[in-house]
Amino acid sequence: MIKPFENITIKYSPGMVQITCDDELKDYLDEKGNGALELSGYILEEYEKCQGKPLNITQDSLAIEILAHTYIDSFSRAISKAKTILPDVLEPSVEKLMENIRRHTGIIDCGEKQTDNNRWIWDMLTPYKGLIYGILGDRA
């Protein structure tokens, strides 16, 4: 059964979409049959309904950004949980780094080029979408 989008927190504003990277988003992506491509398509449709014009972001660029933020956030949380295997001297600096990462992944700011200075990163990765989606399987 495909999990609905309605539990994912998405905020629409001119030239920008903000997605909360929380358990709801991660649970959605973990559900077989769901993926960032489907979510991106939904977001782009809803944005156009809300704003009266299309968001100038491709579906692949948006999907790759969602995937990258989600899995970097999960990675940082896993590292934080693994602190028992770190030498005591490294623990504070590693935890500070992981907290900093989570501050940047908690809300996924997906903006058009003129609004989002990181859009070029996600656009640049779209030629590699086959590889990215292949690695992530159903989650893509």
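Visitor: How many salt bridges does the structure hold?
Guide: The model is a predicted one. A salt bridge here needs a side-chain nitrogen of Lys or Arg within 4 Å of a carboxyl oxygen of Asp or Glu. By that criterion, the number of salt bridges in the structure is 5.

Visitor: Which residue forms a salt bridge with Glu65?
Guide: Glu65 lies in helix H3, and its partner lies in helix H5 (residues 119-125). The two are 54 residues apart, and the pair links distant parts of the chain. The closest N and O atoms are 2.6 Å apart, and the partner is Arg119.

Visitor: Are Arg119 and Glu65 buried or exposed?
Guide: Buried means under 20% relative accessible area. Arg119 has a relative accessible area of 1%, and Glu65 is also at 1%. Because both values are under that cut-off, Arg119 and Glu65 count as buried.

Visitor: Which residues are linked in a network of salt bridges?
Guide: Besides its bridge to Glu65, Arg119 forms one with Asp116, where the closest N and O atoms are 3.4 Å apart. Arg119 forms another with Asp123, with the closest N and O atoms 3.7 Å apart. The linked residues are therefore Glu65, Asp116, Arg119 and Asp123.

Visitor: Is Asp123 buried, partly exposed or exposed?
Guide: Asp123 lies in helix H5 with Arg119, 4 residues away, about one turn of the helix. Asp116 has a relative accessible area of 8% and is buried. The relative accessible area of Asp123 is 23%, so Asp123 is partly exposed.

Visitor: What pattern does the chain follow along the sequence?
Guide: The chain has 6 helices and 3 strands. Read along the sequence, two strands come before four helices, then there is a strand, then two helices. The pattern is β-β-α-α-α-α-β-α-α.

Visitor: Which strands are the edge strands of the open sheet?
Guide: The sheet has 3 strands in the order E1-E2-E3, with antiparallel pairing. An edge strand pairs on one side only. The edge strands are E1 and E3.

Visitor: Which residue stands opposite Ile19?
Guide: Ile19 is in E2. Strands E1 and E2 run antiparallel and are joined by 4 bridges. The residue opposite Ile19 is Ile10.

Visitor: Which helix lies across E1 and E2?
Guide: The helix in question runs at about 40° to E1. It is helix H2.
Guide: As for position in the sequence, this helix covers residues 36-51 and supplies at least two residues of the largest nonpolar core, as does H1.

Visitor: How many residues does the largest nonpolar core have?
Guide: In soluble globular proteins, nonpolar side chains tend to be buried together. In this core, the residues with the most contacts include Ile10, Val17, Ile19 and Leu25. The size of the core is 28 residues.

Visitor: Which element supplies the largest share of this core?
Guide: Strands E1, E2 and E3 each supply at least two residues, and so do helices H1, H2, H3 and H6. The largest share is 6 residues. That share comes from H3.

Visitor: What percentage of the contacts between residues at least 6 apart in sequence join residues at least 24 apart?
Guide: Ile19 gives an example of contacts along the chain, touching Ile43, Ile66 and Ile108, among others. Over the chain, the share of such contacts joining residues at least 24 apart is 71%.

Key. Residues are numbered from 1 along each chain as its sequence is written. This is a predicted model: local features need pLDDT of at least 70, side-chain atom pairs count only at pLDDT 80 or more; totals for chains, interfaces and linings use all residues. Side-chain values use heavy atoms; hydrogens and water are left out. Contact means heavy atoms within 4.5 Å. A nonpolar core is a set of buried Ala, Val, Leu, Ile, Met, Phe, Trp, Tyr and Cys residues joined through side-chain atoms within 4.5 Å. Buried means under 20% relative accessible area, exposed over 50%, partly exposed in between (1.4 Å probe, protein chains only). Two strands pair if DSSP finds at least two bridges between them. Axes are lines fitted to C-alpha atoms, for helices over the stretch in contact, and angles run from 0 to 180 degrees between N-to-C directions. Lists of a residue's contacts leave out its neighbours within four places in sequence.
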